Amino acid sequence: MVNALGRKNIEKIYELADVYHSDNIDRVSDDFIQEAGIVSGSFDNVAAAEYAVPSHWDIGKVYKRLILGIAKEKGMDIVDALFAAYHSFVSDKIDDYNSSFYYDAPGNILNAWLYGEIE
């Protein structure tokens, strides 16, 4: 999705986050989806889940902590850190709701990204 949205849209979302935060999340996301020309695909990690699925807010917090950690540790700006997080093997692990990785301690998730392995 970050690739489909593109850097320009991601930067706009980040820059105007405080404005979008007070708006309806479904409408805002639909606007960006339409603007970027994103069509429905076949990826469905929720359907593949055998256990309880975290809310998008919960997963958002996991990614937020990871992105902020990457930015701090690597001296990157937030948008670059976002792309780094989503383009890593860690993203696949976070999005696998049949594993316990997504609710690991934030430091463990960041260390997995930093060192390229899961402890």
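**Core, pocket and selected polar residues in the predicted model**

S91 is found in helix α6. The structure described here is a predicted model, and in it S91 is buried because its relative accessible area, 4%, falls under the 20% limit. The side chain of S91 is joined to that of Y63 by a polar contact of 2.8 Å. When neighbours within four places in sequence are set aside, the residues in contact with S91 are Y63, A85 and Y86.

Helix α6 also holds D92, and this residue counts as exposed because its relative accessibility of 57% is over the 50% limit. The C-alpha atoms of D92 and Y102 lie 9.8 Å apart in space, with a separation of 10 residues in sequence.

The largest nonpolar core comprises 31 residues, among which I10, L66, I67, I70, V90, I94 and I109 touch the most other members. At least two residues of this core are supplied by each of the helices α1 (2-15), α3 (25-36), α4 (56-74), α5 (78-86), α6 (89-94) and α7 (106-115). In soluble globular proteins, nonpolar side chains tend to be buried together. For I67, one of the core members that touch the most others, the contacts beyond four places in sequence are made with I78, A81, L82, A85 and Y86. A85 and Y86 are likewise among the residues in contact with S91 once its neighbours within four places are left aside.

The largest pocket contains about 2300 Å³ of space. Its lining is made up of 45 residues, of which I13, I25, H56, G60 and Y86 are the closest to the centre of the pocket. Helices α1, α2 (17-20), α3, α4 and α5 each contribute at least two residues to this lining, and the greatest contribution, nine residues, is that of α4. Divided by class, the lining consists of 29 nonpolar, 10 polar and six charged residues. Y86, which is among the lining residues closest to the pocket centre, is also one of the residues in contact with I67.

A further polar residue, N9, is located in helix α1. N9 is buried, since its relative accessible area of 9% is under 20%. The side chain of N9 reaches the backbone oxygen of L5 at a distance of 3.0 Å, while its contacts beyond four places in sequence involve F32, E35 and A36.

Outside the helices, N98 was examined in the loop between α6 and α7. With a relative accessibility of 32%, N98 counts as partly exposed, because this value lies between the limits of 20% and 50%. Its side chain reaches the backbone oxygen of A48 at 2.9 Å, and A48 is accompanied by A49, E50 and Y51 in the set of residues that N98 contacts when neighbours within four places in sequence are excluded. By C-alpha positions, N98 and V79 are 28 Å apart in space and 19 residues apart in sequence.

Methods. Residues numbered from 1 in each chain as written. Predicted model: local features only at pLDDT ≥ 70, side-chain atom pairs only at ≥ 80, totals over all residues. Heavy atoms only, no water. Core = buried A, V, L, I, M, F, W, Y, C linked by side-chain atoms within 4.5 Å. Buried < 20%, exposed > 50% of the residue type's maximum accessible area, 1.4 Å probe, protein only. Helix = DSSP H or I, 4+ residues; strand = E, 2+ residues; numbered from the N terminus. Contact = heavy atoms within 4.5 Å. Polar contact = N/O pair within 3.5 Å; in protein donor to acceptor, adjacent residues only side chain to side chain. 1 Å grid on protein atoms, 1.4 Å probe; cavity = no way out; pocket = protein on both sides within 12 Å on 5 of 7 lines; lining within 4 Å. Points joined across faces, edges and corners; volume = space filled by probe spheres on them. Nonpolar A, V, L, I, M, F, W, Y, C, P; charged D, E, K, R; others polar.
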